[in-house]
Amino acid sequence: MNVKSKKLTMIGMLCAVAYIVMVVGRFPVVLFLKYDPKDVVITIGGFIFGPMTSFLISLIVSLIEMVTVSETGPIGCIMNILSTCCFACTAAFIYKKQHTMKGAITGLVAGCLLTTAVMLLWNYLITPIYMGYPREAVAELLLPAFLPFNLLKGGLNTVIILLIYKPIVTALRKAGFLETTSPQGAVRQRRTGIMLVCAVLLITLIFLMLVLRGIA
């Protein structure tokens, strides 16, 4: 099996595992907010192959989730992808730059904080649209509900990843599944990642402008 085939096989396996743990491991925390450990699997994929792999797995799993078990439609799918990528892609990007335990912890903490900040903003902007909540009610829930939920979610993901990442990587190395990413591939991933970040930032600013103008 060549390198590309191994990577595609691994990504397929990670997608399957992420979907399964999402279905069987989700439980309600507060209001309509539910925790599931799929971000753990997606982040591990990013630690192994890079942040763009986290994005790809998140996209695939969120789309499958949307058409199978989700009740929030395309907007909920977008929120899932955004939340997961803020955590997983950030953690994977920092870990690839600093491939040590300190780098892993720094990346996971940064991912947790970024996810919390971004999701506070996006819940304020988007939740009234797809959940039917008045924006004033959503604003009142940001600190008592959305803030602790996202911190709890990020904290749980961080602890689980730190506990299981090394044993998983060791097993995969023994099985011969892991290969080093080429410098050229890393550059392509970095450029694509920058474009995606800019696109998300642009969309966020557009939504914020619409909300401030009272249109959304």
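The chain exposes about 11,300 Å², and carbon and sulfur atoms supply 72% of that area. The exercises below concern this chain, which is a predicted model.

**Exercise 1.** Work out what span helix α1 should have, and compare it with the distance between its end C-alpha atoms.

*Solution.* Begin with the extent of the helix: α1 covers residues 3–25, which is 23 residues. Next, recall that the expected span is 1.5 Å times one less than the number of residues, so for α1 it comes to 33 Å. Finally, turn to the model, where the end C-alpha atoms of α1 are 32 Å apart, a value that agrees with the expected span.

**Exercise 2.** Find which residues of α1 are buried, and then state which helices they pack against.

*Solution.* First list the buried residues of α1, which are Lys6, Met10, Ile11, Leu14, Cys15, Ala18 and Met22. Then follow their contacts, which show that these buried residues pack against α2 (38–49), α3 (51–68) and α6 (135–175).

**Exercise 3.** Decide whether aspartate 36 is buried or exposed, and describe its surroundings.

*Solution.* Start by locating aspartate 36, which lies in the loop between β2 (33–35) and α2. Its relative accessibility is 8%, and because buried means under 20%, aspartate 36 counts as buried. Now look at its neighbours: leaving aside residues up to four places away in sequence, aspartate 36 touches Val21, Met22, Gly25 and Arg26. As a last step, consider its side chain, of which a polar atom lies 3.0 Å from the backbone nitrogen of lysine 38.

Conventions. Residues are numbered from 1 along each chain as its sequence is written. This is a predicted model: local features need pLDDT of at least 70, side-chain atom pairs count only at pLDDT 80 or more; totals for chains, interfaces and linings use all residues. Side-chain values use heavy atoms; hydrogens and water are left out. Helices (H or I, at least four residues) and strands (E, at least two) are DSSP runs, numbered from the N terminus. Buried means under 20% relative accessible area, exposed over 50%, partly exposed in between (1.4 Å probe, protein chains only). Contact means heavy atoms within 4.5 Å. Accessible areas come from the Shrake-Rupley method with a 1.4 Å probe; for residues, only the protein chains shown count as cover. A polar contact is a pair of N or O atoms within 3.5 Å; within protein, one must be able to donate a hydrogen and the other to accept it, and residues adjacent in sequence count only if both atoms are side-chain atoms.
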